[in-house]
Amino acid sequence: IGTSITNTIVSMGQMGDGAQLERAFAGATVHDLFNLLSVAILFPLEVISHYLYHLTNAMLPDSVGDGEKWEGPIKKIVSPFAGRVLKSNKDVIKDIATGKVENCDAYYPVLCLDGIEDYKHCASKCDKDAGEEVGVDCGRVGLITCDKTTGCPAFFQNGANLHDDSISGGVCLVLSLFLLIVCLMGLVNVLQRGLAGMSTRIIYKATNVNGLIGIVIGAAITILVQSSSITTSVLTPFVGLGVIQLEQMLPLTLGANIGTTITGLLAAMVSDNVDALQVALCHLFFNISGIVIWYPIPIMRRVPLRGARALGRATRRSRLVPPIYIIVVFFVIP
């Protein structure tokens, strides 16, 4: 559910034109509604029958070969730049979830050996079996960590406490939202100028394909960019401009949902954890189950389409509908 917030925010980039906002918001929320409707049916079904567990458990091998971590092309391009600004310490949430530590206080204050801020002196882990101690043989990092390749990011600070790292995270969040809004405005402006006349008709014909082919196209694009949010966020402005119809947006969105599960499968296949593979398979078959329920039968397909159109029409009455929708659906209800 949470992954569809991105394209819903993208639709707000067309606030300047009422007709475009209506179409874009409908194109974005059809993704939300499909996910919400699928969860509404499949989550209780899984709780009662455990069908996803039993289905995926029957498909598991005895073991999965260990290998290098798989990374998509977009991540390879973006990660080095993002790592120089802020790099989150994923061990924190893992350790808290598994009960290894009670809260984040166990990671503070941040400590770098000899006051040198690099991966070796700050983020390298102690070997407890060898009797190594924090502050003597290795450092300690909090919510923000260092990278082996790029070193410590700009917002990393030796001696920082939890409050300092929280402030750094908040600053980066505000900065990223500002950049997102600027990029969305630029994207919509470029599309409005570029998609005129012949180019609009070409894209319309290219996307006016059979639904199954649309699903395949959406999945292929998502596998390439390694993110369903990127796929749907790029397509949403096209819906707003009338280049892609809502009926074509739905199968492309469903394909994106399938494509994003392939990333998890690839990651699980190069891991030595069978449980990770089962989770990835559950993700895949959850989306396949949702598609089987909501897409092939026309009367079922009309449910998310009509819901999305109704939400789109609501933006005609008030431009506050999109932000209120985002707050209620993605923050208040969860």
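Does Asp114 count as buried or exposed, and what is its relative accessibility? At 71% relative accessibility, Asp114 counts as exposed. Keep in mind as you look around that this is a predicted model. The chain has 14 helices and zero strands, and the points below walk through its cores, its helix contacts and a few residues worth finding on screen.

**The chain as a whole**

- Read from start to end, the chain follows the pattern α-α-α-α-α-α-α-α-α-α-α-α-α-α.
- The chain has 334 residues, and buried residues make up 40% of them.
- Take the contacts in the chain with a separation of 6 or more: 74% of them are between residues 24 or more positions apart.

**The nonpolar cores**

- The largest nonpolar core holds 41 residues, and the members that touch the most other members are Val30, Ile244, Leu254, Ile291 and Tyr325.
- Several helices each supply at least two residues of this core: α2 (18–49), α9 (211–225), α10 (228–240), α11 (246–269), α12 (274–294), α13 (298–317) and α14 (321–332).
- Helix α12 gives the most to this core, with nine residues.
- Another core, of 14 residues, lies apart from the largest one, and its members include Val92, Tyr107, Val110 and Ala123.
- Try clicking on Val30: leaving aside residues up to four places away in sequence, Val30 touches Leu246, Met249, Leu250, Pro304, Leu305 and Ala308.

**Helix α11 with α12**

- The axes of α11 and α12 come within 8 Å and cross at roughly 170 degrees.
- That angle makes α11 roughly antiparallel to α12, since angles over 145 degrees count as roughly antiparallel.
- The crossing of these two helices, α11 and α12, is left-handed.
- On the α11 side, the contact uses Leu254, Asn257, Ile258, Thr260, Thr261, Gly264, Leu265 and Ala268.
- On the α12 side, the partners are Ala276, Leu277, Ala280, Leu281, His283, Leu284, Asn287, Ile288 and Ile291.
- Sorted by class, the residues of the contact of α11 with α12 are eleven nonpolar, six polar and no charged.

**Helix α11 with α13**

- The axes of α11 and α13 come within 11 Å and cross at roughly 115 degrees.
- Helix α11 passes α13 in a right-handed crossing.
- Leu246, Glu247 and Leu250 of α11 make this contact with Arg301, Leu305, Ala308 and Arg309 of α13.
- By class, the contact of α11 with α13 has four nonpolar, no polar and three charged residues.

**Helix α9 with α10**

- The axes of α9 and α10 come within 8 Å and cross at roughly 120 degrees.
- Helices α9 and α10 are therefore oblique to each other.
- Helix α9 passes α10 in a right-handed crossing.
- Here Gly218, Ile221, Thr222 and Val225 of α9 meet Ser228, Ile230 and Thr231 of α10.
- The residues of the contact of α9 with α10 divide by class into three nonpolar, four polar and no charged.

**The loop between α5 and α6**

- Asp114, the residue from the opening question, is found in the loop between α5 and α6.
- Asp114 has a positive phi of about 60 degrees, although it is not a glycine.
- Pro109 is also found in the loop between α5 (90–97) and α6 (119–122).
- The peptide bond leading from Tyr108 to Pro109 is cis, with omega near 0 degrees.

**Two more residues to find**

- His50 lies in the loop between α2 and α3 (51–59).
- Phi of His50 is near 55 degrees, which is a positive value in a residue other than glycine.
- His50 is partly exposed, with a relative accessible area of 39%.
- Cys183 is found in helix α7 (residues 162–194).
- Cys183 is exposed, because its relative accessible area is 52% and the cut-off for exposed is over 50%.
- Cys183 and Gly13 are 170 residues apart in sequence, while their C-alpha atoms are 9.1 Å apart in space.

Key
Residues numbered from 1 in each chain as written. Predicted model: local features only at pLDDT ≥ 70, side-chain atom pairs only at ≥ 80, totals over all residues. Heavy atoms only, no water. Core = buried A, V, L, I, M, F, W, Y, C linked by side-chain atoms within 4.5 Å. Buried < 20%, exposed > 50% of the residue type's maximum accessible area, 1.4 Å probe, protein only. Helix = DSSP H or I, 4+ residues; strand = E, 2+ residues; numbered from the N terminus. Contact = heavy atoms within 4.5 Å. Axes fitted to C-alpha atoms, helices over the stretch in contact; angles between N-to-C directions. Left-handed = near helix turned anticlockwise from the far one by under 90°. Nonpolar A, V, L, I, M, F, W, Y, C, P; charged D, E, K, R; others polar. Parallel < 35°, antiparallel > 145°, perpendicular 65-115°, else oblique.
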